[in-house]
Amino acid sequence: MAKRKLTRKQSWRVKKIQNERTERMRKQQEKQDRLITGGDLGPEQEGLVITHYGSQLDIECLNDHQKGVIFRCHLRANIEGLVTGDRVVWRAGKEFTGIIVASLPRHSVLNRPDTRGKLKPIAANIDQIIVVFSPLPKASSALLDRYLVAVELSQIEPILLLNKYDLIDEDEQHLIPMIQRYRDIGYTVLTSSTKKHQGLNELQSLLDQRISVFVGQSGVGKSSLVNSLLPGTELKIGEVSENSGLGIHTTTSARLFHLPGGGELIDSPGIREFGLWHLKPDELIDGFKEFTPFVGLCKFRDCNHDKEPGCAILKAVKDGDITSLRFDNYRQILQALSG
Ligand SMILES: Nc1nc2c(ncn2[C@@H]2O[C@H](COP(=O)(O)OP(=O)(O)OP(=O)(O)O)[C@@H](O)[C@H]2O)c(=O)[nH]1
Ligand SMILES: [Mg+2]
Ligand SMILES: [Zn+2]
């Protein structure tokens with residue numbers, strides 16, 4: 001159907017109606033903002049998300065005038081999925097309140113799938129992810145490999161940190177060769193004890209000038225580490241349950257801290273595991289970084305790296321370039337994906 005051409009007068013009227021509508025919506029929005037913040041709003045400025053509580057966020061002011069001051073902010077309805085570490089545009093209201101009017105682009109994001117398998121962001125704009133584990137709650141290479149797959153696929157650099165080193169007794173001796181295996185693959189592995197003040201300087205220098213996030217199971221000591229690294233910070237810490245040997249999910253929302261030497265550190269709530277069910281089998285192999293040189297070298301293009309002749313991955317396991325432990329963990333995750 002041919003479009004009817006509007007006369008100049010008609011198109012002027014259409015434009016006028018549109019402009020009036022936009023203006024009405026803007027006024028309505030301003031009224032709503034004023035109701036929430038109790039006053040007129042200041043100019044638009046850039047801010048940093050420190051933490052998220054339900055529908056409100058703590059935004060840190062970045063301008064020289066009020067640098068470092070925290071404002072409790074509401075969100076405009078069209079903004080979703082903001083997390084600790086995000087940069088936003090916001091306007092200050094009365095008594096340290098404000099309204100977030102836009103979100104700014106991220107250079108990185110760490111996601112986890114929720115119970116329905118939908119990816120949800122945990123933290124944004126991070127340079128490195130510190131995977132914290134401990135003798136209690138118990139760590140296994142299967143658990144660590146699941147964490148590492150999720151981190152590798154987010155394309156953010158992982159660092160492993162074995163905390164509660166003071167608890168390594170005869171029963172937990174296997175952790176020593178385990179961390180060596182991860183070092184052999186090329187991962188940086190640190191050890192620490194907040195109880196004995198061990199390994200904290202080394203950790204501090206790795207965090208220097210960078211934006212890092214602590215992730216790991218509940219109870220491994222993430223918040224205790226923040227308290228030790230930043231004297232004066234008194235984050236709530238929780239006991240490990242005597243019955244289950246697991247943490248009790250003390251930290252409930254991610255929070256960003258500034259390090260005295262420059263750099264930022266984000267504490268995050270414990271997660272049992274990253275859940276990898278959203279992955280395709282082809283993607284999984286990219287989460288095992290020492291497998292990469294052998295990918296694509298198998299005789300058959302659709303090789304399952306199971307029993308196929310001419311499989312480059314199986315040969316690498318045989319030659320000792322891939323440990324059978326890592327290969328077993330890979331197979332285990334793969335089976336869970338297709339199961
Ligand atoms: N022995 C020993 N215990 C530690 C160490 N670091 C932390 N803990 C203890 O581990 C328990 C859990 O510490 P949190 O810091 O709350 O652990 P978290 O990882 O923040 O746990 P969530 O917030 O639930 O994810 C507390 O009882 C701490 O005192 C350590 O180096 N050695
Ligand atoms: Mg905690
Ligand atoms: Zn193969």
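Which residues of helix 2 are buried? In this predicted model, they are Leu144, Asp145, Arg146, Tyr147, Leu148, Val149, Ala150 and Val151. Let's start with that helix and then walk through the rest of the chain.

## Helix 2 and its neighbours

Helix 2 covers residues 141-153, and its end C-alpha atoms are 18 Å apart. That agrees with expectation, because 13 residues at 1.5 Å a residue should span 18 Å. The buried residues of helix 2 pack against two strands, strand 8 (128-133) and strand 9 (157-162), and against two helices, helix 6 (281-286) and helix 8 (324-338). After helix 2 comes Gln155, whose phi is positive, near 60°.

Strand 8 deserves a look of its own. Five of its six residues are buried, so strand 8 is largely enclosed by the rest of the structure. Strand 8 runs parallel to strand 9, and six bridges join the two. If you want one pair to find on screen, take Ile130, whose bridge partner in strand 9 is Ile159.

## The chain as a whole

Stepping back, the chain has 339 residues, and buried residues make up 30% of them. Its secondary structure consists of eight helices and 13 strands. The C-alpha trace spans about 80 × 65 × 35 Å along its principal axes. Among contacts with a separation of 6 or more, 63% come from residues 24 or more positions apart.

## Three domains

The domain assignment splits the chain into domain 1 (20-105), domain 2 (109-267) and domain 3 (281-338). Between domain 1 and domain 2, the C-alpha centres lie 31 Å apart. Ten residues from domain 1 and twelve residues from domain 2 take part in the contact. On the domain 1 side, strand 1 (residues 45-53) gives the most, with four residues. By class, that side of domain 1 has three nonpolar, five polar and two charged residues.

Helix 1 (residues 8-37) is where you will find Leu35. With 8 C-beta neighbours inside 10 Å, Leu35 counts as exposed. Arg91 sits 56 residues away from Leu35 along the chain, and their C-alpha atoms are separated by 14 Å.

## Around ligand 1

Now for the ligand. Which residues are closest to ligand 1? They are Ser218, Gly221, Ile237, Thr251 and Gly270, out of 24 residues that surround ligand 1. By class, this shell has five nonpolar, 14 polar and five charged residues.

## Helix 5 and strands 11 to 13

Helix 5 (residues 222-229) has Lys222, Ser223, Ser224, Leu225 and Val226 as its buried residues. They pack against strand 8, strand 11, strand 12 (255-258) and strand 13 (264-267).

Strand 13 has buried residues on both of its faces: Glu264 and Ile266 point one way, while Leu265 and Asp267 point the other way. Strand 13 pairs with strand 11 in the parallel sense over four bridges, and here Val213 stands opposite Ile266. Strand 13 also pairs with strand 12, in the antiparallel sense and over four bridges, with Arg255 opposite Asp267. Strand 12 and strand 13 form a hairpin with five residues between the strands, where Gly262 takes a positive phi near 95°.

## Backbone spots to check

Most residues other than glycine have a negative phi, and most peptide bonds are trans. A few places in this chain depart from that pattern, and they are easy to find in the viewer.

One is the peptide bond from Leu136 to Pro137, which is cis, with omega near -5°. Pro137 belongs to the loop between strand 8 and helix 2. Another is Phe96, which is not a glycine yet has a positive phi of about 55°. Phe96 lies in the loop between strand 4 (87-92) and strand 5 (97-103). Is Phe96 buried or partly exposed? With 16 other C-beta atoms within 10 Å, Phe96 is partly exposed.

Gln209 also has a positive phi, near 65°. Its place is in the loop between helix 4 (200-207) and strand 11 (211-216). Gln209 has 11 other C-beta atoms within 10 Å and is exposed.

Technical notes
Residues are numbered from 1 along each chain as its sequence is written. Chains are lettered from A and ligands numbered from 1 in the order in which they are written. This is a predicted model: local features need pLDDT of at least 70, side-chain atom pairs count only at pLDDT 80 or more; totals for chains, interfaces and linings use all residues. The expected span of a helix is 1.5 Å times one less than its number of residues. A residue is buried if 20 or more other C-beta atoms lie within 10 Å of its own, exposed if 12 or fewer, and partly exposed in between; C-beta atoms are placed from the backbone. Two residues are in contact if their C-beta atoms, placed from the backbone, lie within 7 Å. Domain bounds come from an automatic or database domain assignment. Ala, Val, Leu, Ile, Met, Phe, Trp, Tyr, Cys and Pro count as nonpolar, Asp, Glu, Lys and Arg as charged, and the others, Gly among them, as polar. A residue is near a molecule or strand if its C-beta atom, placed from the backbone, lies within 6 Å of it. Two strands pair if DSSP finds at least two bridges between them.
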